Amino acid sequence: MALTHPSLLKRLTPKGMFWRSLLILLIPLVLLQGVVAYIFFERHWDTVSRRLALGLTGDIIYVMRTMQKYPEDEFREWTLRAAHREMQINAVFEPGAKLPDVAPELSSSNTDRMLHHALSERLIIPFHIDSRRDDKNISIRIGLQEGVLDILTPRKRMFSTTIYIFVLWMVGTALVVTAIAIFFLRNQIQPIRRLAAAAEAFGKGRSDVEFKPAGASEIRQAAAAFIDMRGRIARHIDQRTEMLAGVSHDLRTPLTRIKLQLAMLRETMPEAGAEISDLESDIADMEKMIDEYLAFSRGQGAEAPEPVDLSALIGEVVDGARRNGAALTLDAGEALTLPLRPNAIKRCLTNLVDNAVRYGENIDVTARRTGESVEVIVEDDGPGIPPESIDDVFKPFYRLDDSRNPNYAGAGLGLAIARDVARGHGGDIVLETAGSGGLRAVLRLPV
Ligand SMILES: Nc1ncnc2c1ncn2[C@@H]1O[C@H](COP(=O)(O)OP(=O)(O)OP(=O)(O)O)[C@@H](O)[C@H]1O
Ligand SMILES: [Mg+2]
């Protein structure tokens, strides 16, 4: 059957916890009410209708028999009056009349059918039930030998109001239960939503979101665990950046001393000039690395996220690269404002653009919004990175074949830092091969 097909069942099941819980509650309720209603209609309602029909039939036959036993006019009048008074049976005798051969069609109403059934069990003479004659009354015409007995009796005699009361109670309680369930479920789901929102905000690098555990004990437990974890991660990041800053800073002093000593050595030992130049260039590289560490730790540590126009930031980075003589095109359409740590993101973008400029000739930078995130694409026409090395180039100090660009000795930190920044904002960097064979770096940030 189509309904048992898993994908259809999955599609029909609501995704949210609110609707799922509501269904878990309401489906048994509706089923239970359905079963109860079925039993009530089948058993109780049927029995009640039959009893009522039998009662009415008994009354009618009693009036008929009395009338036949005492056929004198005055007795008959008395019998009919008594029937009216005591049994709500309004009977008129039409002497000499005959029942038409064709009976009026019986309505589909259950009560009329029951009555017809009960009367046919007890009467051998012809009778007609006309449901359409009157809304409030049932009309029964009995063909006696002497004439026709025309009976009108209120429909109420055949009708039990319990059915309406029953349905009213059933629907009423179902509505009340649903309303209560919706009210309580909303309150139960709210803390889960808040926990999810706090976790999401933290993933995007906002650890300052105010959040208190609330709701059922399991949810409180999860919330408390989340808050603990958030604190631990924040402390861990702080510690790491502080250490990085400390080490970088402390390394500068001995490096400066070495530089000074090398300068003095050049004077005292002019014959070692070439070796000293090599040492000086190594020291320059080290200083560059240290600057990078410092800049990175500053960006990551102290900075708080604030709404920043990413397009403007990209513009600054691209302008900077152009000033150094690179050929870049920029396509950053509308303003893309989102919460960011501006210095860190600038560093991330600079690292991507620097790489592109270093390895390629023509660079295209594009920024655009795609659904729930923003994408910045830096594409160059250089040699690209072979797919098997893509995971490696993100590792700190990892550099591809130095012979590619012998004039430059980078630290191999650029991409590691760039990805760190992206992930710190809840995003990531993906490297792909561009159409030109160069590298396409995609920085994706959640909005
Ligand atoms: N646009 C690119 N085209 C080709 N290869 C690239 C490109 N960008 C990075 N790479 C390769 O990935 C390696 C790692 O890049 P990463 O930016 O991390 O370090 P780096 O540029 O060598 O040094 P740093 O950025 O720290 O000065 C580079 O050495 C280079 O081999
Ligand atoms: Mg680099």
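**Gln88 and its loop**

I started with the loop between α3 (73-87) and β1 (90-95), where Gln88 has its place. The model is a predicted one, and I read every value below as computed from it. I looked up the backbone of Gln88 and found a positive phi of about 55°, although Gln88 is not a glycine. I then asked how exposed Gln88 is. Its relative accessible area is 43%, so I entered Gln88 as partly exposed.

**Overall form**

I counted the elements next: the protein has 10 helices and 11 strands. I looked up the extent of the C-alpha trace, which spans about 160 × 45 × 35 Å along the principal axes. I compared the radius of gyration with that of a compact globule of 447 residues, which would have one near 22 Å. The protein has 46 Å.

I checked burial over the whole protein and noted that 37% of the 447 residues count as buried. The exposed surface comes to about 26900 Å², and carbon and sulfur atoms supply 58% of it. For contacts with a separation of 6 or more, I noted that residues 24 or more positions apart account for 64%.

**Aromatic pairs**

I searched the whole structure for aromatic pairs and found five. One of them is Phe202 with Phe226, an edge-to-face pair at 6.3 Å centre to centre with 80° between the planes. I traced where the two rings sit: Phe202 is in helix α5 (residues 162-203) and Phe226 in helix α6 (residues 217-268). The two are 24 residues apart, and the pair links distant parts of the chain. I checked burial for both and found Phe202 buried and Phe226 buried as well.

I then followed Phe226 to a further partner, Phe211. This pair is also edge-to-face, with 6.0 Å between the centres and 75° between the planes. Phe211 lies in the loop between α5 and α6 while Phe226 is in helix α6, so the pair ties together parts that are 15 residues apart in sequence. Phe211 and Phe226 are both buried. I entered Phe202, Phe211 and Phe226 as one aromatic cluster.

**Charges over rings**

I looked for charged ends placed over aromatic rings. The charged end of Arg186 sits over the ring of Phe18, 5.0 Å from the ring centre. I noted another case at Phe394, where the charged end of Arg419 sits over the ring at 3.6 Å from its centre.

**Nonpolar cores**

Which residues have the most contacts inside the largest nonpolar core? I found that this core has 44 residues and that Leu310, Ile429, Leu431 and Leu443 have the most contacts inside it. I listed elements that give two or more residues to the core; among them are α8 (310-323), α9 (342-359), β9 (373-380), β10 (428-433) and β11 (439-446). The largest share, seven residues, comes from α9.

I then took Leu443 and left aside its neighbours within four places in sequence. Its contacts include Cys348, Leu349 and Leu352, and also Val374, Val376, Ala422 and Ile429. Glu375 and Asp428 are among the contacts of Leu443 too.

I also found a second, separate core of 27 residues, which includes Leu56, Phe93, Leu115 and Ile129. As background, I noted that nonpolar side chains tend to be buried together in soluble globular proteins.

**Ser373**

I looked up Ser373 and found it in strand β9. Is Ser373 buried or exposed? Its relative accessible area is 14%, and the cut-off for buried is under 20%, so Ser373 counts as buried. Not counting residues up to four places away in sequence, Ser373 touches Arg368, Arg444, Leu445, Pro446 and Val447.

**Two positions in helix α6**

I returned to helix α6 for Thr241, which is found there. Thr241 has 5% relative accessibility and so counts as buried. I looked up its separation from Ser297: the two are 56 residues apart in sequence, and their C-alpha atoms are 4.9 Å apart in space.

Leu244 lies in helix α6 too. I found a relative accessible area of 24% for Leu244, so I entered Leu244 as partly exposed. Last, I looked up Leu244 and Phe397, which are 153 residues apart along the chain, and found 15 Å between their C-alpha atoms.

Definitions and conventions
Residues are numbered from 1 along each chain as its sequence is written. Chains are lettered from A and ligands numbered from 1 in the order in which they are written. This is a predicted model: local features need pLDDT of at least 70, side-chain atom pairs count only at pLDDT 80 or more; totals for chains, interfaces and linings use all residues. Side-chain values use heavy atoms; hydrogens and water are left out. Rings of Phe, Tyr and Trp (its six-membered ring) pair if their centres lie within 6.5 Å; planes under 30 degrees apart count as stacked, over 60 as edge-to-face and the rest as tilted. Helices (H or I, at least four residues) and strands (E, at least two) are DSSP runs, numbered from the N terminus. Buried means under 20% relative accessible area, exposed over 50%, partly exposed in between (1.4 Å probe, protein chains only). A charge sits over a ring if NZ of Lys or CZ of Arg is within 6 Å of the ring centre and within 35 degrees of the ring normal. A nonpolar core is a set of buried Ala, Val, Leu, Ile, Met, Phe, Trp, Tyr and Cys residues joined through side-chain atoms within 4.5 Å. Contact means heavy atoms within 4.5 Å. The radius of gyration is taken over C-alpha atoms; the globule rule is 2.2 Å times the number of residues to the power 0.38. Accessible areas come from the Shrake-Rupley method with a 1.4 Å probe; for residues, only the protein chains shown count as cover.
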